[in-house]
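Subject: Structure for you to look at

Hi,

Here's the structure I promised you, sequence included. Have a look around first, then read my notes below.

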Amino acid sequence: MPTMREIRMAAVPAGLPQVADLTVVETPVPVPGPGEVLVRNRYFTVFAALRTLLGGVRGAPLPGLRPGDTLFGPAVGETVTGPRPGTLVRHMRGWREYALVPDAECDPIGDVLPDPIAHLAQGPTVYGALTRAAPVRPGDTVFVSGGAGAVGSMAGQLARLLGAARVVGSTGSAWKADRMTGLCYDAVVTRGAGPIAEQLAKAAPDGVDVFFDNVGGEELAAAIAAANRSARFALVGALSGQLAEHGTGTTAPAEIDSYQLILKQIAMTGYSGGGDTALRSEWDERFAQWSRAGRIEFPHVRVEGIEQAPAALRDVLAGRHFGAVVVALE
C-alpha cells in the first residue's frame with residue numbers, strides 16, 4: 001500500500017511550540033470516498049496562528065488541535081482523482097503530502113497567476129480589511145503593525161496600491177526594517193528601540209488615518225494615540241499574544257484609552273475574510289493585474305521537504321523570516 005508523510009501534534013506545547021512538539025508520521029495514502037478528491041500537495045504555508053491552534057483554543061475561526069491531530073492550513077496541490085485529474089487546486093489541508101478534500105472545498109486556481117505558489121499569499125484577508133473594514137482613501141497615512149510578516153508584507157503594498165500617501169510599519173528587528181523600506185514602507189518603528197508611541201509620532205507626523213493591526217498590545221495603544229479624527233482600524237491579528245513566550249497564545253490583552261476612541265470617533269472593526277468567495281474572486285483578479293504589471297510581489301521564504309516543516313514553524317514563531325514561509329513538496 002502506498003504511504004505518505006504528514007505532520008501531527010505530538011504534545012501540547014509548554015510556551016512557544018518547539019520541534020519536539022510535532023512529529024512526522026508515515027501513514028497509508030487515503031482512499032477517497034463519495035464526494036472526496038485525493039490531492040497531492042505541492043505547497044503549504046507555515047503561519048503564526050498555529051500557535052493558538054496548538055494551544056487547543058475553541059471558538060476561533062479554525063478548530064483547536066489535540067495531540068495526535070494532523071496540522072492543517074492553506075495548501076496548493078494537484079488532484080489525483082476526480083473529474084479532471086491533474087487540476088491545480090487550493091484548499092485548507094496542508095501539512096501532509098496527500099490530502100482527502102471534499103469536492104466543495106477544492107478551489108481550482110487555473111493559470112491566472114504565473115506561479116502557483118502565489119495563491120498562498122495572504123491577500124484576501126488583507127484586501128478585504130483595507131477595502132471593507134478600514135477602507136484606504138487617496139492621501140491616507142496607513143500604519144501596519146507586524147509589517148514584515150506574511151500578512152504585513154502584503155498589507156503595506158496593498159495600502160500603497162489603494163492610494164495611501166504614506167505607509168508606516170512596525171517590526172521587531174533592524175534587518176527586517178531595512179527590508180520593509182526596500183519593499184514599500186516609508187518609515188518603520190521597531191520594537192525595543194524606544195516607546196512605540198514616540199516612534200510612531202515621528203514616523204507619522206500628520207497622524208494615522210488607517211490602522212491595519214496584526215499585533216495588538218503596545219502597537220494598538222500607540223495607533224490610538226496617533227489616530228486622526230474618524231480614523232479606521234481593522235484588527236486582523238494578535239501576534240502580541242500568539243508570539244508570547246509564555247501562555248498558550250490564545251489571548252492578546254492591551255491597555256487602551258477608550259476615551260480617545262470616543263473623542264476621535266475611531267471606527268474599530270475585528271475582521272476575518274474567510275469564506276467570502278466574492279472577495280476571493282475580486283482579489284484574484286486585482287492581484288493578477290498588479291502582478292503582471294510588476295506592481296506587487298509575494299515576499300516568501302521557500303523551505304524544501306515536509307520533514308523541515310516543524311523547524312519552519314519554530315522559526316516563524318521566533319521571527320526569523322521575512323514574509324510568508326512556504327513548504328515545497330516537489
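**A loop residue to start with**

A244 is partly exposed, with a relative accessible area of 25%. Before we go on, keep in mind that this is a predicted model. You'll find A244 in the loop between α7 (239–242) and α8 (258–264). Which residues does A244 touch, if you don't count those up to four places away in sequence? They are L16, R51 and L239. R51 is a nice one to click on: R51 and A244 are 193 residues apart in sequence, yet 9.8 Å apart in space, going from C-alpha to C-alpha.

**Salt bridges**

How many salt bridges are there? The count comes to 14. Here are some of them.

Try R8 and E6 as a warm-up. Their side chains meet in a salt bridge, at 2.7 Å from N to O. Are the two partners buried or partly exposed? R8 is partly exposed, because its relative accessible area is 25% and buried means under 20%. E6 has a relative accessibility of 7%, so E6 counts as buried.

While you're in that area, look at T27. This residue is found in strand β2 (residues 22–28), and at 15% relative accessibility T27 counts as buried. Leaving aside neighbours within four places in sequence, T27 is in contact with T3, M4, E6 and R8. So both partners of the salt bridge you just saw, R8 and E6, turn up among the contacts of T27.

Next, go to R160 and D186. They form a salt bridge too, and the closest N and O atoms are 2.6 Å apart. R160 sits in helix α3 (residues 152–161), while D186 is in the loop between α4 (174–183) and β10 (187–190), so this pair ties together parts that are 26 residues apart in sequence. Both ends are partly exposed: R160 has a relative accessible area of 29%, and D186 has 36%.

Then there's D315 with R314. Their side chains meet in a salt bridge at 3.1 Å, N to O. D315 is buried, with a relative accessible area of 14%, whereas R314 is partly exposed at 29%.

One more for your list: R5, E97 and E307 are linked in a network of salt bridges.

**Two helix pairs**

Now switch to the cartoon view and find helix α5 (residues 196–203) and helix α6 (residues 217–226). They pack at an angle of about 45 degrees, and their axes are 9 Å apart. That makes α5 oblique to α6. The crossing of these two, α5 and α6, is right-handed. Which residues make the contact? On the α5 side they are I196, A197 and L200, and on the α6 side E218, E219, A222, A223 and A226. Sorted by type, the residues in this contact of α5 with α6 are six nonpolar, no polar and two charged.

The second pair is helix α2 (residues 123–133) and α3. Their axes come within 9 Å and cross at roughly 45 degrees, and α2 and α3 are therefore oblique to each other. Here, too, α2 passes α3 in a right-handed crossing. From α2 you have G123, V126, Y127 and L130, which meet M154, A155, L158 and A159 of α3. How do the residues of this contact of α2 with α3 divide? There are seven nonpolar, one polar and no charged. You've met α3 already, by the way, as the helix where R160 lies.

**Two backbone angles to check**

Most residues other than glycine have a negative phi. With that in mind, look at S230 and Q265.

Phi of S230 is near 65 degrees, a positive value in a residue other than glycine. S230 lies in strand β12 (residues 227–235) and is partly exposed, with a relative accessible area of 35%.

Phi of Q265 is near 55 degrees, again positive in a residue other than glycine. Where does Q265 lie? Its place is in the loop between α8 and β13 (267–270). At 46% relative accessibility, Q265 counts as partly exposed.

That's everything from me. Shout if you get lost in the viewer!

Cheers

Conventions
Residues numbered from 1 in each chain as written. Predicted model: local features only at pLDDT ≥ 70, side-chain atom pairs only at ≥ 80, totals over all residues. Heavy atoms only, no water. Salt bridge = Lys/Arg side-chain N within 4 Å of Asp/Glu carboxyl O. Buried < 20%, exposed > 50% of the residue type's maximum accessible area, 1.4 Å probe, protein only. Helix = DSSP H or I, 4+ residues; strand = E, 2+ residues; numbered from the N terminus. Axes fitted to C-alpha atoms, helices over the stretch in contact; angles between N-to-C directions. Parallel < 35°, antiparallel > 145°, perpendicular 65-115°, else oblique. Left-handed = near helix turned anticlockwise from the far one by under 90°. Contact = heavy atoms within 4.5 Å. Nonpolar A, V, L, I, M, F, W, Y, C, P; charged D, E, K, R; others polar.
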